[in-house]
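Subject: Structure handover

Hi,

Here is the structure I promised to pass on. Please open it next to this note. My findings follow below.

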Amino acid sequence: MQGEEFGEYRYRVGDYRIIVDINRSRILVLKGGHRRDIYR
């Protein structure tokens with residue numbers, strides 16, 4: 001997990017990445033996919 005207290009985080013789950021935005025009252029999934037494709 002990387003990021004600030006609130007903001008954008010990147011989670012690693014095996015060969016997959018999940019990018020989320022965390023605010024006080026919600027978690028919003030921005031993008032998810034295989035690590036070779038996620039940052040393109």
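In which strand is Tyr16 found? Tyr16 belongs to strand β2. Its relative accessibility is 46%, so Tyr16 counts as partly exposed. Before going further, please keep in mind that this is a predicted model.

**Overall layout**

The chain has 3 strands and 0 helices. Along the sequence the pattern reads β-β-β. There are 40 residues, and 20% of them are buried. About 3,500 Å² of the chain is exposed, with carbon and sulfur atoms supplying 46% of that area. I also looked at contacts between residues at least 6 apart in sequence. Of these, 2% join residues at least 24 apart.

**Strands**

Strand β1 covers residues 7-13. Strand β2 covers residues 16-22. Strand β3 covers residues 27-34 and runs antiparallel to β2, with 7 bridges joining the two. Together β2 and β3 make a hairpin, and 4 residues lie between them. For a point of register, take Ile18: it stands opposite Gly32 in β3.

**Surface patch**

Tyr16 comes up again here. Along with Val13, Ile18 and Val29, Tyr16 makes a nonpolar surface patch of about 370 Å².

**Arg17**

Next in sequence is Arg17, also placed in strand β2. What is the nearest side chain of opposite charge to Arg17, and how far away is it? It is Asp15, at 6.1 Å. A salt bridge needs a side-chain nitrogen within 4 Å of a carboxyl oxygen. Arg17 has no salt bridge, yet Arg17 is buried.

The contacts of Arg17 are worth a look in your viewer. Leaving out residues up to four places away in sequence, Arg17 touches these:

- Tyr11 and Arg12
- Lys31, Gly32 and Gly33
- Arg35, Ile38 and Tyr39

Two of these partners, Tyr11 and Gly32, can also be compared with each other. Their C-alpha atoms are separated by 9.4 Å, and the two residues are 21 residues apart along the chain. Tyr11 sits in strand β1. Tyr11 is partly exposed because its relative accessibility is 27%.

**Salt bridges**

How many salt bridges does a search of the whole structure find? The search returns 2.

One is formed by the side chains of Asp15 and Arg35, at 3.7 Å from N to O. This pair links distant parts of the chain, 20 residues apart: Asp15 lies in the loop between β1 and β2, and Arg35 in the segment after β3. Asp15 has 41% relative accessibility, so Asp15 counts as partly exposed. Arg35 is at 47%, so Arg35 is partly exposed as well. Asp15 is thus paired with Arg35, while Arg17 has no salt bridge.

Another joins the side chains of Arg36 and Asp37, at 3.9 Å from N to O. Why does Arg36 count as exposed? Because its relative accessible area is 56%, and exposed means over 50%. Asp37 counts as partly exposed, because its relative accessibility is 37%.

**Where to start**

I would open the view on Arg17, which is buried and has no salt bridge. Then turn to the salt bridge between Asp15 and Arg35. After that, go to the patch made by Val13, Tyr16, Ile18 and Val29.

Best wishes

Notes
Residues are numbered from 1 along each chain as its sequence is written. This is a predicted model: local features need pLDDT of at least 70, side-chain atom pairs count only at pLDDT 80 or more; totals for chains, interfaces and linings use all residues. Side-chain values use heavy atoms; hydrogens and water are left out. Buried means under 20% relative accessible area, exposed over 50%, partly exposed in between (1.4 Å probe, protein chains only). Lys and Arg count as positive and Asp and Glu as negative; His and the chain ends are not counted. Contact means heavy atoms within 4.5 Å. Patches are made of residues with over 30% relative accessible area and no salt bridge: like charges are joined within 9 Å, nonpolar side chains (Val, Leu, Ile, Met, Phe, Trp, Tyr) within 5 Å. Accessible areas come from the Shrake-Rupley method with a 1.4 Å probe; for residues, only the protein chains shown count as cover. Two strands pair if DSSP finds at least two bridges between them.
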